[in-house]
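Visitor: Hey, I'm new to this one. Can you show me around?
Guide: Sure, let's pull it up.

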Amino acid sequence: MKIVFIGLLLVEMLFANTKVNILGYPNQNIEYQENIQRYFKTKLALDIDVHKSILRPYYKKAKNHLIWIKEGELSSLGIQLIQTINDDLMVNESLQKSFNLTHIDMLIKTKEQYQELSVLDTIRLDLLLTYAYSKYISYLSFGDMNWGKFQEQLKELFDKHEVIANWRRTKVNLKKISLLEKSIEQQDILISLNEAHISYKHANKMRETIHAYQKISDEGGYVKIPSIKVLKPNQKNKIVPLLRQRLLQSKDLSQEDFDIAINEEPSVLSDPKTPTQEFALAEDKRDIYDEVLVTAVKSFQTNHGLQVDGVVGRDTIKHFNITVKQKITQIKINLERMRWLPRDLGDKYLLVNIPDYHLRYVEDKKEVLKLPVVVGTRKHPTPVFSHRLTTVVLNPYWRVPERIVQREIVPKLLDDPEYLVARGMNIHENWDHKSPTFNPLAIDWTQYVQTDEQKEQKVYPEVPYKFIQIPSKKNPLGKMKFMFHNRYSVYIHDTSSKHYFKRRQRAFSHGCIRLQTPHKLLKTIANQDKRLKYKEAVDILKDIEKTEVTLSNKIPVHIVYLTAWMDDEGVMQFRDDIYGYDRTQRKLLY
């Protein structure tokens, strides 16, 4: 029997005296209501694999009425829910392992075969659909990774290697039952699901690309590029035809340019080099690494965060030979990460993508500023979290973290007692830069060196002094820092080590985010905040007196770890997994 779609208007016509947005369909056969009540009182066994504790609040709100079935027919909401989940299952292995609609499918087929379900089978179907809705909306909110296990693995990094890695996700607290009521009222399940779904820019389009990548995989995958030392513009090499095919697959080379290249005939030399030659064929241009192909390689290098020089070397070939299946998995992992972000990033916000080594200032969904940054090393990874920028500090003092004092400064003082003097760094009684100071030459630093027992236990002796560096060109914080107070003591700041910005891979800090051109960020914020006056700030920076400016409006800051995302032109971007999180999370998800 054909499934009948029940719309909101029909419900209103049949039950004019009933509130439309009530959860469930009232005035049903009392037998359904009584049996649902018996089920929750454990007086009725239905042999379905669900948790009653999850279902009970829904049916309590619905007064034990059926939610998805009306007059023996599956509602449009139920059909829409099943279709949405099935579409997701087609591209999501993570969801497949924990989501099984087999029982629901069997009941629907039974309904189609016999035209009518028994009372108990009808209740089973309704309960299973409610359970599927609740589980699916939770999945959309939080993803399917074992977060506790991931946190345990981050802790193991510290236990084994003293790596302090932190990743906090934003919890999305949804009123699932209230959302379902809205969906019933408007007969659209997407009203509920979209509240939980990823809101990160272009995430839906990014998800759709999985089908295109899967098609390439089904057709045999990416063309493999053989290893060579180097290929430079205008050189001839046997890999050029393969390179052309590979770049066509990733759409860095257009179909038109590809067709022109492969159909081009070898040219004829009109001036033979020997008297016996009537003519000579020139080198086949299809093997020449020409300008069109160089442009395509540069496009590929840009989209993978590589050195954009058009030279095909070991690093570029390595990225050419990442399989399409690996890229599909990489996209899916990063879609999961987007679920861990706030659903509302803010009207204007700062976004630092660690593997991309860039900071972006976004306003009204448009990027108004993009700056290169230096992030934490693999030993000192920049934490992943969201916060709010509240203060700009001009001429900051650097209060050296105890961890750096114990592990780096004390050993240097043993080798060079003048180490602090040369850097304008003082030893204080407390964190106040005006507190009493101590002479480093009068302190026996050997007493703060690890003993053999402490090395085994991976602990360091406590140093009872506070190290503070005065504002100067040598100060690692540079001339300004942008504060968002957090448990990790991580900030965005200027730096005295500008040479690192010449590198493609810029993971060199102790976890903070260093800016190459902090004045640009200062000016952008000043244009938006009346308390921060740019010209006055520039004058203050000429001196060494510390000045703090509290912003009138807090700016959301999102430090993320995305190795795959879609840019505003609809082009997929891929970056190296600099902290190894892709590998760790892939194991937990798949």
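Guide: Here are a few spots to look at in this model, which is a predicted one.

Visitor: Okay, surface first. Which residues form the positive surface patch?
Guide: That patch is made by Arg378, Arg583, Arg586 and Lys587.

Visitor: Where does arginine 378 lie?
Guide: Look at the loop that runs between strand E7 (366-376) and strand E8 (385-394); arginine 378 lies there.

Visitor: And why does arginine 378 count as partly exposed?
Guide: Because its relative accessibility is 45%, and partly exposed covers the range between under 20%, which is buried, and over 50%, which is exposed.

Visitor: Switching topic: what about the sheet with E9 in it, what's the strand order?
Guide: The order is E9-E12-E10-E11, an open sheet of four strands with antiparallel pairing. Strand E9 (398-399) and strand E11 (437-438) are at the edges with a single partner strand each, so each has one side without a neighbour in the sheet.

Visitor: How many bridges join E10 and E12?
Guide: Four, in the antiparallel sense, with E12 covering residues 466-469. For one residue pair, take methionine 425, whose bridge partner in E12 is glutamine 469.

Visitor: Last one: where's glutamate 418?
Guide: Glutamate 418 lies in the loop between helix H17 (402-415) and strand E10 (425-428). It counts as partly exposed because its relative accessibility is 41%.

Visitor: How far apart are the C-alpha atoms of glutamate 418 and leucine 441?
Guide: They're separated by 7.8 Å, and the two residues are 23 residues apart along the chain.

Note on methods. Residues are numbered from 1 along each chain as its sequence is written. This is a predicted model: local features need pLDDT of at least 70, side-chain atom pairs count only at pLDDT 80 or more; totals for chains, interfaces and linings use all residues. Side-chain values use heavy atoms; hydrogens and water are left out. Patches are made of residues with over 30% relative accessible area and no salt bridge: like charges are joined within 9 Å, nonpolar side chains (Val, Leu, Ile, Met, Phe, Trp, Tyr) within 5 Å. Accessible areas come from the Shrake-Rupley method with a 1.4 Å probe; for residues, only the protein chains shown count as cover. A salt bridge is a side-chain nitrogen of Lys or Arg within 4 Å of a carboxyl oxygen of Asp or Glu. Lys and Arg count as positive and Asp and Glu as negative; His and the chain ends are not counted. The place of a charge is taken as NZ of Lys, CZ of Arg, CG of Asp or CD of Glu. Helices (H or I, at least four residues) and strands (E, at least two) are DSSP runs, numbered from the N terminus. Buried means under 20% relative accessible area, exposed over 50%, partly exposed in between (1.4 Å probe, protein chains only). Two strands pair if DSSP finds at least two bridges between them.
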